Amino acid sequence: MPQTVQGVVARSKGAPVELVEVVVPDPGPGEAVVQVQACGVCHTDLHYREGGINDDYPFLLGHEAAGVVEAVGEGVTDVAPGDFVILNWRAVCGQCRACRRGRPWYCFATHNAAQKMTLTDGTELSPALGIGAFAEKTLVHAGQCTKVDPEAPATAAGLLGCGVMAGFGAAVNTGGVTRGDSVAVIGCGGVGDAAIAGARLAGATTIVAVDVDDRKLEWAKGFGATHTVNSRERDVVEAVRELTGGFGADVVVEAVGRPETYEQAFYARDLAGTVVLVGVPTPDLEVTLPMIELFGRGGALKSSWYGDCLPSRDFPMLVDLYRQGRFDLDAFVSETIGLGDVEAAFERMHRGEVLRSVVVL
């Protein structure tokens, strides 16, 4: 029988979110119902509320989550009731041209649940990134459930569902950071700090954190930054070159998504270096660069989709590293809150006061 639970919904552009009753159907073929234990408050959820993704209101927000599988539909074999899982928003299909070429992290036909969750009056909800986890329970495609070690607390594990994985993967998967590399990270929120932590774990020897906020730069040191640059006070390109022997960084991760910071990243890399864009720009933004510089500087300009991760490979590995004390997921959690506190958490996030607020259910 369908269940009625509490969930956080954005009804219209810019309107404060509301805690309402949400109807969750029984799982159909290939689907699963997950009892959510924790869900991070990600900037993407605020983008949804503000109309920055699309206008398919009302949205059931929340996507950076972990919990326990309650029920599965016909044909589901990879997870079972009782499994502790991290939810992911790129459930690979295994059949598209990317998957057939052995690059499933680029899957072009990812899965979501076929059924819709609704308000009690029958209004269909659009779940954020196909998940909708600011709710006591949510309906997802079973492929969106990645089973991990249940000894990891949900408050930490759930962060791998989006921001931490995006940043870690931008450095390690997309950027290919390895031992001895120099790395610069522009933008030291949750994603940028995850890139810093990933670069340190991969063996980078010089890691330069760049931001406009000294508080965030202090946080970045805790994740492994060897140097910090406040871009309000210093020219970023000159500072990064000075800290890397005059050459620029081997890999620069841009975690802001602005033309001015992307240009800084482009010129702050060494010849034949790599720029990784993981900050999400709005559709109206453009960047202009001289073609002779594109040619003459060589290297690679990459975008990182979800950290180019493969959840089935990366989530269990990162949970293992966390449990070994080598990857500090707890450090990303600034506060734990209830479902009714999401709107206030958005305000704190907008002011730059937190890395992650985490809803605990």
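**Group meeting: a walk through the fold**

Okay, let's start with leucine 125, which is buried at a relative accessible area of 2%; buried here means under 20%, exposed means over 50%, and partly exposed is in between, with a 1.4 Å probe and protein chains only. Before I go on: this is a predicted model, so local features need pLDDT of at least 70 and side-chain atom pairs count only at pLDDT 80 or more, while totals for chains, interfaces and linings use all residues. Residues are numbered from 1 along each chain as its sequence is written, and side-chain values use heavy atoms, with hydrogens and water left out.

Back to leucine 125. You'll find leucine 125 in the loop between β7 and β8; strands are DSSP runs of E, at least two residues, helices are runs of H or I, at least four, and both are numbered from the N terminus. What does leucine 125 touch, leaving out residues up to four places away in sequence? The list is Val9, Val22, Pro58, Leu60, Lys116, Met117, Thr118 and Leu119, where contact means heavy atoms within 4.5 Å. Take valine 22: that residue is 103 residues from leucine 125 along the chain, yet the two C-alpha atoms are separated by 8.8 Å.

Now the sheets. β7 and β8 belong to an open sheet of 5 strands, ordered β7-β2-β1-β4-β8, with mixed pairing; for two strands to pair, DSSP has to find at least two bridges between them. β7 and β8 (126-127) are the edges with a single partner strand each, so each has one side without a neighbour in the sheet. Inside that sheet, β1 (residues 3-10) runs antiparallel to β4, and 2 bridges join them. Alanine 10 stands opposite phenylalanine 59 in β4. Keep phenylalanine 59 in mind.

There's another open sheet, this one with 6 strands in the order β13-β12-β11-β14-β15-β16 and parallel pairing. Its edge strands are β13 (227-230) and β16 (300-303), each pairing on one side only. From one strand to the next, the twist averages 15 degrees, using axes fitted as lines to C-alpha atoms (for helices, over the stretch in contact) and angles from 0 to 180 degrees between N-to-C directions. Zooming in on one edge, 4 bridges join β15 (residues 269-277) to β16, and valine 275 has leucine 301 as its bridge partner in β16.

On to the rings. The structure holds 8 aromatic pairs, meaning Phe, Tyr or Trp rings (the six-membered one for Trp) with centres within 6.5 Å, called stacked if the planes are under 30 degrees apart, edge-to-face if over 60, and tilted for the rest. Here's phenylalanine 59 again: its ring centre is 4.9 Å from that of tyrosine 48 and the planes are at 65 degrees, so we call it edge-to-face. Tyrosine 48 is in helix α1 (residues 43-49) and phenylalanine 59 in strand β4 (residues 59-60), so this pair ties together parts 11 residues apart in sequence. Both tyrosine 48 and phenylalanine 59 are buried. Ring pairs also bring in Tyr57, giving a cluster of Tyr48, Tyr57 and Phe59.

What about packing? The largest nonpolar core has 86 residues, and those touching the most other members are Leu87, Phe134, Leu160, Ile196 and Phe327. A core here is a set of buried Ala, Val, Leu, Ile, Met, Phe, Trp, Tyr and Cys residues joined through side-chain atoms within 4.5 Å. Helix α4 (residues 163-174) gives the largest share of this core, 6 residues. A second, separate core has 19 residues, among them Val237 and Phe266.

Last topic, charges. The search of the whole structure finds 14 salt bridges, each a Lys or Arg side-chain nitrogen within 4 Å of an Asp or Glu carboxyl oxygen. In one of them, glutamate 70 meets lysine 137 at 2.6 Å, N to O. Glutamate 70 sits in β5 (residues 64-72) and lysine 137 in β9 (residues 137-141), so the bridge ties parts 67 residues apart in sequence. Buried or partly exposed? Lysine 137 is buried, at 15% relative accessible area, whereas glutamate 70 is partly exposed at 29%. Then there's arginine 348 with glutamate 335, closest N and O atoms 2.8 Å apart; arginine 348 is in helix α11 (residues 342-350) and glutamate 335 in strand β17 (residues 335-337), 13 residues apart. And to finish, shared partners join Arg49, Glu50 and Glu343 into one salt-bridge network.
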